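This report introduces a structure to a reader who meets it here for the first time. The sequence and the model are shown below.

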Amino acid sequence: MEQFLQQLNISQREAVLYNDGPSLVIAGAGSGKTRVLTYKIAWLLKNGIAPYSILALTFTNKAAREMKDRIAQMVGETTARYLWMGTFHSIFSRILRREAEKFGYRSDFTIYDSQDSKNLIKAIIKEKSLDDNTYKPSIVQARISRAKNALIMPEMYARDRELIADDRYHKRDRICEIYSAYWQRCRTSGVMDFDDLLLYTYMLFKDNTDIVERYRNQFRFVLVDEYQDTNPVQHEIVKQLAEEHHRVCVVGDDAQSIYSFRGATIGNILNFQKTYPESKLFKLEQNYRSTKTIVNAANSLIEKNKEQIPKVVFSEKETGEKIKLINAYSDYEEGYNVAARIAEMRMLRQYEYKDFAILYRTNAQSRIFEEALRKINIPYRIYGGLSFYQRKEVKDVIAYMRLVTNPNDEEALKRIINYPARGIGNTTLGKIISVADTHRISLWEAISSPLDYNLNVNSGTAKKLEGFKGLIESFIAANSTHNAYELGGEIIRQTGMFNELHNDRTPEGLSRVQNVEELINSLNEFVSTRIEEGREDVKTGDFLSEISLMTDRDTDKDENASMVTMMTIHSAKGLEFKNIFVVGMEEDLFPSEMCKGNPKEIEEERRLFYVAITRAEENVVLTYAKSRFRNGQWQMFTPSRFLKDIHPDYIHTSWKKTYKKTSYSEPEILPNPQKLLRIEEEKTYHPVVRQTIGNLSVGIIIRHERFGRGRILELTGENENAKATVEFESFGRKQLLLKFAKFEVVDG
DNA sequence: GGCCGGGGCATTTTT
DNA sequence: TGCCCCGGCC
């Protein structure tokens, strides 16, 4: 136990050990924030606190998973698995499913992603014959989302003077009406959008004393990561849960709050001590990531912000090199400079490609760097863009699965009612929507009983609708006998999607086939993992509730591949690289033009710059161009005001260093990076032998079909229930049900 | 129902 | 400039 605490510095240890009341842990960049959280949880567990009485909330699945894995290593998988650890959205959707009937939902409600929400909003705007230029779906969506995050229901919106006045000022005074219709439609469809998952949780707790009491009693400790990014609902829910015992620990860094545009309120962390007057404040100020120069430069920058919790981040690492500033005449040249610099640093100082990241303010900037890197054969990887689950063909299959789980799901139904084409066009769909709207029923109900609701279509169309209905019903029936993987296969075959996709021989068509195959594979993996863990029925609904809250970032595997990383600064938060290039350091680009004249937003941009710099361990290179081609025309730019915010002592300006083109070999075009990404690990085939407990003993090495090499730590149970606890080299500790587990013995 | 072309437009996006 | 969305046409 003592040794365990030795691994922490004094302030980390104090933060870990204080658990009697509310605490605020202000964790400077690179100061071991996650470490404090994991050790705190491990400490509680080692002191006999039951895992299910600890609630730990994060913002990404990845963060939750990584933390859980680390805790599992410290206290064992069997304990860690019962922790309530996950994203706000996944934890609360779990609670909402349990309590669904309390607020008029079914426990198998489906979830709209942002695109679904936007589509529905767009549809409502159209149905109301509003001009979609004044009522831009994205703006309306943002406004509704903002309202939900601020606990404002439609009827409250209508009474809110400020909101109404603001909408009127922008000539959008019917937003409130759209909001109300959107709310109603989601309810009729039995779906929730991301914001609903939080809002309904809040209402559930507010309106049902017995329920909130139950969870308050269960969650004796509440921990929240990245508190600077919470919005008002999240803040309120945490308050509801910690109401009685006040054992709440929030961790974050106000200097890294960069999501206010999505409704995050930095005030939550700034005012935490007012919310909980008896709270203790812990500051983690030692940065273990970066050189002194980088930390000092970042400090000198963030000093320029007014609103912040005072702290002095310091580094005990070497001084390191100054930050480099490179200018260029054009964006094209900027790209060239960066590529050349990377090549040079790699050659001269033995860096690998994966030690570099290029960070930019907007995704549009990536192209020029892609080209530049490609020309001199530097492998790269771009984050951002369309995620796997957002691809059309993947969403189509998932839409069927959603409809099976919840036939009332409007957006899922609209998506596939005529895909693959079955002669149900927009006219028919329009009629269905209008009938459904007048009777306040779902589209599915309108289709199911066309006569009851006077759905006025000709007999041919009626037949087609019946056929569609029959198809979905057959899937629903199959869902009770088939697992998620089997049903997935049924869906792509029975609908004709399989054939349709395979007939398309174009490269795009092939990639669509691949994507659908990947989805089916992941279904297979999902099902078999759970069966191995001893679960019996693994249904489509289980799969959906997991993946609807997942993003691409959770899927990617090949983190070892040595490539230069390119991404927006926003998506770089939480990551670290040896060398960071922050590019496009120009006024109107960074800080963004949109922030002009708004000091609060400029401060947020400055925090964004702070995040960018503090990603670096060893070197920071800042670049800017005097002109760039943007929005179809050449524009002149001046250097960003943020460059002057860094104390000049920490910057070395290397004006216009010219790299001779001849010093690099002739451009050989690299394969398309998308392809590079797709190259899968070479799969070696291992004969799969079903094992019984008799063949195994503690200590032997096995190779599992998916988890790879691992050592058996424990064997329990007999026959049908025989289980092995295995410590895998790259997947950590797992429990396998021998009846299903696929592995071979490597070393007896 | 699918394809083509014109017009409008153009931050950031953990779920 | 390039992408996306919509509407018109076959």
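A residue counts as buried when its relative accessible area is under 20%, as exposed when that area is over 50%, and as partly exposed in between, using a 1.4 Å probe and the protein chains only. By this rule G534, at 39% relative accessibility, is partly exposed.

The model is predicted, so local features need pLDDT of at least 70 and side-chain atom pairs count only at pLDDT 80 or more, while totals for chains, interfaces and linings use all residues. Residues are numbered from 1 along each chain as its sequence is written, chains are lettered from A and ligands numbered from 1 in the order in which they are written, and side-chain values use heavy atoms, with hydrogens and water left out.

**Helices and loops**

Helices (H or I, at least four residues) and strands (E, at least two) are DSSP runs, numbered from the N terminus. G534 sits in the loop that links α27 (507-532) to α28 (540-547). From G534 to E508 the sequence separation is 26 residues, and their C-alpha atoms are 39 Å apart in space.

Helix α20 covers residues 392-405. The expected span of a helix is 1.5 Å times one less than its number of residues. For the 14 residues of α20 this gives 20 Å, which agrees with the 20 Å between its end C-alpha atoms. Because 13 of its 14 residues are buried, α20 is largely enclosed by the rest of the structure.

Y39 belongs to helix α3 (residues 33-46) and counts as buried at 7% relative accessibility. Contact means heavy atoms within 4.5 Å. Not counting residues up to four places away in sequence, Y39 touches F4, Q7, L8, V16 and M74.

S592 lies in the loop between β15 (577-582) and α30 (599-613), and at 14% relative accessibility S592 is buried. Residues up to four places away in sequence aside, S592 touches R361 and E605. A polar atom of the S592 side chain is 3.1 Å from the backbone nitrogen of M594.

**Nonpolar cores**

A nonpolar core is a set of buried Ala, Val, Leu, Ile, Met, Phe, Trp, Tyr and Cys residues joined through side-chain atoms within 4.5 Å. The largest one has 68 residues, and I95 and F205 have the most contacts inside it. A second, separate core of 52 residues includes V397, I398, A412 and L413.

**The DNA strands**

A residue is near a strand if one of its heavy atoms lies within 4 Å of it. Around DNA strand B there are 29 residues, of which Y259, R262, R361, T551 and T568 come nearest. Of the atoms of DNA strand B within 4 Å of the protein, 44% belong to sugar and phosphate. DNA strand C is surrounded by K122, R367, F629, N631 and G632; here sugar and phosphate make up 47% of the strand atoms that come within 4 Å of the protein.

A polar contact with a strand is a pair of N or O atoms within 3.5 Å. The table lists such pairs.

| Protein atom | DNA atom | Distance |
|---|---|---|
| D229, side-chain N or O | strand B, base oxygen | 3.1 Å |
| R262, side-chain N or O | strand B, base nitrogen | 2.7 Å |
| N418, side-chain N or O | strand B, phosphate oxygen | 3.1 Å |
| G632, backbone N or O | strand C, base nitrogen | 3.4 Å |

Definitions and conventions:
Polar contact = N/O pair within 3.5 Å; in protein donor to acceptor, adjacent residues only side chain to side chain.
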